[in-house]
Structure formats: structure tokens, C-alpha cells
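User: I've got a model open and want to talk through how its strands fit together. Can you take me through it step by step?

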Amino acid sequence: MKKTICKVDYDTETATLIHSKTVGAYGDPAGYEETLYKTEGGKLFLYTNGGAESPYKKEDIKRISAAKADEWMAQ
């Protein structure tokens, strides 16, 4: 997935995958996945996707700070 936020391109195809978390099983309407990526320029972002009853009803990309990324990794 690719998304431009504030004139910066975030692309799951070209970024480095750091860590991924999955909640629920495949097909679970409340299940979702969160994946942390890092761009070549060092920017961090979360790719999110989930079922109809999850917090992420459609796939999206969200910018994330290094502090928030550390917090997310510690969960």
C-alpha cells in the first residue's frame, strides 16, 4: 500500500518492515493487524488493516513518531 501524507510518500513495498502484530485469527471480524515500517529516509509508519468489527475497518497508513513506535513495540 502507498499513501502520501504531508508530501511524504509512505510505501509498504519499499519500506523496511520492523515488526508486525496480529490480533485474532484470519477471517475474524474483530481481528486486525498492525505493521511498523521505516522508510529509507528514516520515517516510521504503521500499516493497519482489519475486519468489519475491528478498530481498522479498512487498510490505512499512519505516521508515527519514534517515541510512539517504542511505546507500540513495548505493548
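User: Let's start with His19: which residue is its bridge partner in E4?

Analyst: Keep in mind that this is a predicted model. His19 sits in strand E3, and E3 is joined to strand E4 (residues 32–38) by seven bridges, with the two running antiparallel. Follow that pairing across from His19 and the bridge partner in E4 is Leu36.

User: How far apart are His19 and Leu36 in space, C-alpha to C-alpha?

Analyst: In sequence there are 17 residues from one to the other. The pairing of E3 with E4 brings them together as bridge partners. C-alpha to C-alpha, His19 and Leu36 are 5.3 Å apart.

User: Is His19 buried, exposed or partly exposed?

Analyst: Leaving out residues up to four places away in sequence, His19 touches Glu34, Thr35, Leu36, Trp72 and Met73. Its relative accessible area is 33%. Buried would need under 20% and exposed over 50%, so the value falls in between. That makes His19 partly exposed.

User: Zooming out, what is the strand order in the open sheet of four strands?

Analyst: The pairing is antiparallel, and the twist averages 20 degrees from one strand to the next. Strands E3 (16–23) and E6 (60–64) each pair on one side only, which puts them at the edges. Inside, E4 and E5 are joined by seven bridges. Read across, the order is E3-E4-E5-E6.

User: Which residue in the turn between E4 and E5 has a positive phi?

Analyst: E4 and E5 run antiparallel, and Tyr37 has Phe45 as its bridge partner in E5. The two strands make a hairpin with five residues between them. In that turn, the residue with a positive phi, about 90 degrees, is Gly42.

User: At what angle to E3 does helix H1 run?

Analyst: Helix H1 covers residues 66–74 and lies across E3, E4, strand E5 (44–50) and E6. On the E3 side, His19 touches Trp72 and Met73. Relative to E3, H1 runs at about 45 degrees.

User: Which side chain does Lys3 meet in a salt bridge?

Analyst: The structure holds one salt bridge, and the pair links distant parts of the chain, 57 residues apart, with Lys3 in strand E1 (residues 2–5) and its partner in strand E6. Lys3 is partly exposed at 28% relative accessible area, whereas the partner is buried at 19%. The N to O distance is 2.6 Å, and the partner is Asp60.

Key: Residues are numbered from 1 along each chain as its sequence is written. This is a predicted model: local features need pLDDT of at least 70, side-chain atom pairs count only at pLDDT 80 or more; totals for chains, interfaces and linings use all residues. Side-chain values use heavy atoms; hydrogens and water are left out. Two strands pair if DSSP finds at least two bridges between them. Axes are lines fitted to C-alpha atoms, for helices over the stretch in contact, and angles run from 0 to 180 degrees between N-to-C directions. Contact means heavy atoms within 4.5 Å. Buried means under 20% relative accessible area, exposed over 50%, partly exposed in between (1.4 Å probe, protein chains only). A salt bridge is a side-chain nitrogen of Lys or Arg within 4 Å of a carboxyl oxygen of Asp or Glu.
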